[in-house]
Structures are given as C-alpha cells and as structure tokens.
Amino acid sequence: MPVATLLPFTATPNRKSASPTSFRLTEKFILLLVFSAFITLCFGAIFFLPDSSKLLSGVFFHSSAVETNTRTGPDSSDSGSAGNDDRVLAKIRKDHEKALLEAKDTLQKRPDEIKQDIIIEKEKVVKESMGQGGKDVNNLPFVEYRRPPGATGHEPLDPETRDRRAKIKEMMKHAWDSYRRYAWGSNELRPVSKQGHSSNLFGDIKGATIVDALDTLYIMEMFEEFDAATDWVEKNLDFNVNAEVSVFEVNIRFVGGLLSAYYLSGKEVFRRKAVELGEKLLPAFKTPTGIPWALLNLKSGIGRNWPWASGGSSILAEYGTLHLEFMHLSKLSGNPEFAQKVMNIRKVLNRLDKPQGLYPNYLNPNSGQWGQHHVSVGGLGDSFYEYLLKAWLMSDKTDEEGKKMYYDALQAIETNLMRKSSGGLTYIAEWKGGLLEHKMGHLTCFAGGMIALGADGAPGDKTGHQMEQAAEIARTCHESYARTALKLGPEAFRFDGGVEAIATRQNEKYFILRPEVIETYMYMWRFTHDPKYREWGWEAVQALEQHCKVEGGYSGVRDVYAPTPNHDDVQQSFYLAETLKYLYLLFSDDDHLPFDHWVFNTEAHPLPVIKKDKTDRPNEK
C-alpha cells in the first residue's frame with residue numbers, strides 16, 4: 001500500500017496530481033472530522049467519568065491520593081468513598097467542638113494561670129523535641145540543672161550594713177529603670193541627654209546593658225526586672241549581624257553574662273544563646289597559630305587585628321581572656337572545640353621565651369612571635385593574669401598548668417614591676433623595652449583582689465607575703481581616690497616628678513564608673529573582714545551619689561580634680577555588671593556567691609567551679 005494512504009496528514013500531494021493514490025478534499029475533511037471526534041471522546045471520558053480527577057492525576061502524576069487508595073484496600077466503590085467522607089466530616093465537627101470548649105475554658109482562667117499553662121506546654125514541647133543521643137532541636141546535650149549554693153543571699157544582721165546594702169540596691173534600681181525608660185534595647189544609656197548609646201565594640205548586636213545586668217538583677221532579687229530582661233533576650237537578642245565586633249568585649253559581656261544568667265536561674269534560653277554566640281566567635285581562631293583575631297565579622301567570619309596594635313598583633317588581655325567562658329561553653333554544648341581553642345593558646349605561649357619572665361602585651365598571630373616588648377598589669381595585659389589564676393580555681397584546683405603559669409608570672413611582676421614610692425605606697429609600674437614607666441592605671445587596681453584571691457595557694461610560705469602585697473595595693477588605690485576633689489579615682493596616676501598617686505596628664509583625669517578599686521575592696525573584705533574596706537567602699541558610694549547620679553541614671557565625669565563634675569553622659573554597662581555588684585557583695589555575707597563555689601569572670605559574671613568529683617555536671621553542688 002502506498003505511504004500516502006497510511007499517512008494522509010503527512011502526504012503533501014500536488015492538488016493537480018491525477019494519481020489514484022491521492023485523496024480528494026472531501027475525503028480529507030471526513031477523516032479529520034472522525035479523528036477529532038475520537039480525541040474529544042477520549043478526553044471527555046477522562047474528565048467526566050466518576051473519580052476522573054484521581055484517574056488523571058494517577059496516570060500523569062502518580063498522585064499520593066491514588067497511592068493512599070491502594071494502601072488502604074481494593075474497595076474503591078462510590079459507597080466506600082461516601083463513607084470515608086462522612087467519617088472525615090464527623091471528625092472535623094468533633095475537633096471544632098473540642099476547640100470551642102478549650103477556648104471557652106481558657107477565657108475563664110486568670111492571666112497567671114494562662115501563663116503557667118503556656119510554660120507547661122513549652123516544657124512539654126522541649127521534652128518531646130529531644131531526639132537521639134539526648135540532643136534537643138539546637139543540638140545541645142541534656143544537662144541536669146542544679147543551682148550552685150549562694151545564688152541569692154539573706155539580709156545582713158548588722159543594721160548599718162543592711163541599710164547600706166539596701167542603698168546599693170536602690171542605686172541599681174535607678175540605673176536600671178533609667179536605662180529601661182530612655183534606652184531600652186540600646187547597648188548603653190546616655191543619662192544626661194536621656195537617649196540610647198551604642199559603642200562600635202559590639203557591631204550591630206544590641207542590648208549590652210540588658211545582658212550585662214542580668215546576674216546583678218538576679219542576685220539582688222530584682223526578679224520582676226530580671227524577667228523583663230529575660231523576655232527581651234528571648235525575643236530580641238540577635239547575633240545574625242553583618243558587622244565587626246570585638247571578640248574580647250563580646251565574650252566577657254555577652255557570653256559571660258548569658259552563662260552566668262543560666263547558672264543562676266536555670267533558664268535554657270541563656271544556655272542556647274551563649275552557645276550560639278560562642279559558635280559565631282570560633283572563626284576568630286582561624287590564624288596560622290590559633291591565636292585569635294581581635295575583631296571579627298560575625299557573618300563572614302573574617303577577622304583582623306587593631307591597626308594600632310604593634311604591626312597587627314593580637315593583644316594579651318584579649319586573647320588571654322577567653323578561657324573561663326570557653327571551658328563552660330564546652331561543658332554546656334558538648335563541643336570540645338571551645339576548650340581546645342583556649343588550651344592551644346597556652347601551648348603557643350609556653351613555646352615562647354619570656355623577657356625577664358614577663359608576657360609582652362603584643363603577639364603576632366601569623367608568626368607566633370612577640371611584638372613590642374611592652375608589659376602591663378593594667379590595660380592590654382590585666383585579665384590575662386587574672387584568668388590564669390581563675391582557670392585553676394574554676395577547675396576545682398586541678399589545672400596545674402594554669403596555676404604554675406600564674407605564680408611564675410606573679411613572681412616576675414613582683415621582681416620587675418612592683419615598686420614602693422618614697423611616701424610608702426606600693427604600686428605596679430609598666431615596662432617598656434626594659435625601662436619602667438612609673439604610672440599605675442585604674443585598671444591595674446584589680447590586682448589587689450587578684451593577689452588576695454590567689455594568696456592561699458601560693459607556693460612555699462608566700463601566703464602571708466602576698467596578702468600584705470594585696471593590702472598595700474588596695475591602700476594605694478584608695479589613696480588615688482582620696483587625693484581627688486570628687487573622691488573618685490582617675491584613669492591613671494603617677495609616681496614621678498614629686499607626685500604620688502595623682503594624675504598629672506589631662507587625658508588621665510577622667511572616671512568612667514570603673515569597678516576595679518571596689519572589686520579589690522570586696523576581695524579584701526572577704527579574706528580579712530577588716531572594716532576599713534567597707535568604709536572605703538561606702539566613701540565611693542557617697543561620691544557616686546553626689547557626683548555621678550543624674551536624673552536619667554549615672555554618668556562618668558571628665559575630671560576628678562575639678563570642684564564640680566563635668567559629666568561625660570555615658571552610663572557604662574559595666575557599672576551595672578561590676579561596680580554595683582561588687583558594692584552589693586561588699587555589704588553582703590560571705591555565703592552570698594561563696595568563692596569555693598563561684599569564680600567571677602573579668603566582667604564580674606559569676607561562673608560555677610567545675611567540680612571534678614561529679615563529672616558531666618558542671619554546675620553541681
């Protein structure tokens with residue numbers, strides 16, 4: 001048979017052809033009409049026969065509806081489908097009635113009952129979300145929370161002490177209420193202009209004062225304020241920012257504050273947030289030596305150092321003040337990487353020669369070599385030494401490496417930096433390339449408390465000697481306050497040119513609500529119970545009230561030697577975290593945050609001693 005007969009629509013014969021195999025025009029029309037009718041009939045059957053939509057989807061898309069029908073049984077009759085529909089409708093009606101009854105019942109409850117129900121449901125969801133290996137939705141291991149002793153105290157028996165303690169709580173309330181009224185959510189408060197203030201140290205992270213103040217609110221039993229702060233943290237604290245932050249400042253204030261709030265209250269939100277932020281800081285350690293960058297973009301993970309820091313060096317007090325927080329992050333997250341990062345820093349330091357046994361403030365993270373040979377127990381160096389001692393104490397005195405590094409460093413400081421003025425004042429100078437600069441910073445005044453804290457573990461018979469050193473430093477720092485017009489200490493004071501414990505340069509005369517002198521008073525009171533330390537602390541309270549308190553909070557002053565204060569219009573977050581906390585503890589009994597159970601980070605955030613006799617319970621009694 002000719003091909004044209006089989007494929008009439010593909011043949012294109014010339015209309016003039018007289019070939020017997022060609023179709024006439026009428027024949028072509030009839031064939032086209034028949035074919036069209038056939039196609040219409042097929043598609044009509046698909047779309048209009050019963051359950052045709054399921055047939056269509058099953059043929060073309062293998063729909064889940066067809067698969068479900070196959071799994072539930074062979075009966076696909078209309079009566080079966082109708083029965084299924086009836087059951088579905090009945091279930092919908094039943095669920096609807098149940099929901100209405102629950103809503104009616106809820107509306108009849110008191111607000112506090114509704115809130116409690118929500119809390120219970122949240123706890124239930126958390127428990128149900130626990131998957132394999134005891135991990136929750138954030139991949140955190142289950143931790144049995146037990147609050148260490150002394151999270152809150154009791155009223156002192158002595159009436160005067162009790163009244164002074166109450167006064168400090170009143171100061172905290174004024175500082176907090178002012179921040180909440182004028183700067184809520186900002187990092188800090190401008191108390192004179194009554195508006196928010198944000199430092200570039202935190203990038204675009206907000207709420208530094210809230211996080212810094214959490215534990216102070218808790219230990220002062222300001223629970224309504226603590227709950228408001230907790231709610232803000234849960235709803236608004238966000239670390240997903242495309243901005244550069246100071247690794248050091250974010251660690252001591254935010255990570256430390258969140259960890260402390262968790263250990264005091266047991267609220268999981270603080271553990272989750274602390275670990276989340278800790279993980280975002282880990283890229284800072286991506287250097288050839290593992291010595292972290294000072295600055296880090298939290299989104300890109302790109303780090304760098306301060307351009308002014310000795311040819312792009314990392315700073316001793318910054319990379320050396322991560323240990324306490326990162327050890328606790330490993331405990332609470334189950335991730336050993338945090339601890340490994342900070343232990344590696346020690347390995348790098350132990351490989352290096354120390355000039356005169358001292359640690360220079362600058363270390364190049366690429367070469368692993370010291371920068372300028374500038375040594376200070378104040379700014380740029382201070383908290384490195386503090387964390388060596390406290391790492392040993394926080395480890396339940398098992399970190400022998402940290403202990404040895406601390407006491408060796410303290411001996412080098414005593415030999416090379418500690419001096420006594422002609423007037424009998426002991427001070428710690430700064431060392432620059434072998435030459436001493438006879439000045440002492442306000443930041444250095446923490447050393448009195450540090451030396452007292454470590455005196456009991458001093459090698460040989462040096463305990464008494466170190467307590468004497470601590471007392472002498474406390475006296476020197478008190479003199480730096482007493483010799484000013486406002487009875488508040490300058491940023492730095494000198495022992496040269498015929499002056500002692502006095503600032504001689506204009507850029508050293510300011511006071512920004514710093515805590516270090518009061519911190520030393522608190523430690524000295526705990527270890528000696530000499531009443532002069534409480535008296536010195538009370539002098540500071542009176543000066544703060546007279547010269548720093550304004551209607552909108554508390555402000556630093558630009559010149560402590562001027563007869564009237566010139567306010568700098570900043571209420572620092574550490575004023576609530578440290579200064580007021582240390583004052584409150586100075587007038588509290590010793591069993592409030594006792595030293596055998598708690599260690600304070602350098603922002604005064606209390607962290608529990610990690611008891612080694614009960615592993616896997618970092619916060620065990």
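These questions and answers go through a predicted model, from overall make-up to single residues.

Me: How many helices and strands are there in the protein?
Reply: The model is a predicted one. Its secondary structure has both kinds of element. The count is 21 helices and 18 strands.

Me: What percentage of the protein's residues is buried?
Reply: The protein has 621 residues. Its accessible surface comes to about 29,500 Å², and 55% of that belongs to carbon and sulfur atoms. Buried residues make up 50%.

Me: Among contacts between residues at least 6 apart in sequence, what percentage joins residues at least 24 apart?
Reply: One example of a distant pair is Phe-574 and Asp-212, which are 362 residues apart in sequence. Their C-alpha atoms are 6.8 Å apart in space. For the protein, the share of such contacts joining residues at least 24 apart is 66%.

Me: Is Phe-574 buried or exposed?
Reply: Phe-574 is found in helix α21, residues 573-586. Beyond four places in sequence, its contacts include Asp-212, Arg-253, Pro-515 and Glu-603. The cut-off for burial is under 20% relative accessible area. Phe-574 has 7%, so it counts as buried.

Me: Which strands stand at the edges of the open sheet with the order β8-β11-β12?
Reply: This open sheet has 3 strands, with antiparallel pairing. Two of them have a single partner strand each, so one side of each is left without a neighbour in the sheet. Those edge strands are β8 (374-375) and β12 (435-437).

Me: Which residue in β12 is the bridge partner of Glu-430?
Reply: Strand β11 covers residues 430-432. It runs antiparallel to β12, and 3 bridges join the two. The partner of Glu-430 is Glu-437.

Me: With which side chains does the side chain of Arg-494 make polar contacts?
Reply: Arg-494 lies in strand β14, residues 492-494. It is buried, with a relative accessible area of 3%. Its contacts beyond four places in sequence include His-438, Lys-439, Ile-502 and Arg-505. Its side chain makes polar contacts with those of Glu-437, at 3.3 Å, and Glu-508, at 2.8 Å.

Me: Which residue does UniProt list for "binding site", and which side chain makes a polar contact with it?
Reply: The UniProt entry is unreviewed, and it lists Thr-602. This residue is found in the loop between β17 (598-600) and β18 (606-608). Outside its sequence neighbourhood Thr-602 touches Ile-252, Thr-321, Ser-383, Glu-386, Tyr-387 and Glu-578. The polar contact, 2.9 Å long, joins Thr-602 to the side chain of Glu-386.

Me: Is Thr-602 buried or exposed?
Reply: Its place is a loop between two strands. Buried means under 20% relative accessible area. Thr-602 has 17%, so it counts as buried.

Me: At which residues does UniProt place the feature "active site"?
Reply: The feature comes from an unreviewed entry. One of the residues is in helix α10. Another is in helix α19. The record names Glu-249, Asp-382, Glu-491 and Glu-516.

Me: What is the relative accessibility of Glu-249?
Reply: Glu-249 is in helix α10. Away from its sequence neighbours, it is in contact with Leu-201, Phe-202 and Phe-254. Glu-249 counts as buried, and its relative accessibility is 13%.

Me: Which side chain is joined to that of Glu-516 by a polar contact of 3.0 Å?
Reply: Glu-516 is in helix α19, residues 516-528. It is buried, with a relative accessible area of 8%. Its contacts beyond four places in sequence are His-442, Leu-443, Cys-445 and Phe-446. The polar contact joins it to His-442.

Me: How many aromatic pairs are there, and of which kind is the pair Tyr-145 and Tyr-262?
Reply: The count comes to 29 aromatic pairs. In this one the ring centres are 5.6 Å apart and the planes lie at 65°. An angle over 60 degrees is the criterion. The pair is therefore edge-to-face.

Me: How many residues apart in sequence are the parts that Tyr-145 and Tyr-262 tie together?
Reply: Tyr-145 lies in the loop between α6 (111-129) and α7 (159-182), and it is partly exposed at 24%. Tyr-262 is in helix α10, residues 247-265. It is buried at 0% relative accessibility. The parts are 117 residues apart.

Me: Which residues form one aromatic cluster with Tyr-523?
Reply: The cluster holds both Tyr and Phe residues. Tyr-523 is joined there by Phe-527, Tyr-582, Phe-595 and Phe-600.

Definitions and conventions. Residues are numbered from 1 along each chain as its sequence is written. This is a predicted model: local features need pLDDT of at least 70, side-chain atom pairs count only at pLDDT 80 or more; totals for chains, interfaces and linings use all residues. Side-chain values use heavy atoms; hydrogens and water are left out. Helices (H or I, at least four residues) and strands (E, at least two) are DSSP runs, numbered from the N terminus. Buried means under 20% relative accessible area, exposed over 50%, partly exposed in between (1.4 Å probe, protein chains only). A polar contact is a pair of N or O atoms within 3.5 Å; within protein, one must be able to donate a hydrogen and the other to accept it, and residues adjacent in sequence count only if both atoms are side-chain atoms. Contact means heavy atoms within 4.5 Å. Accessible areas come from the Shrake-Rupley method with a 1.4 Å probe; for residues, only the protein chains shown count as cover. Two strands pair if DSSP finds at least two bridges between them. UniProt positions are given in the numbering used here, feature names are shortened, and annotations may be inferred rather than shown by experiment. Rings of Phe, Tyr and Trp (its six-membered ring) pair if their centres lie within 6.5 Å; planes under 30 degrees apart count as stacked, over 60 as edge-to-face and the rest as tilted.
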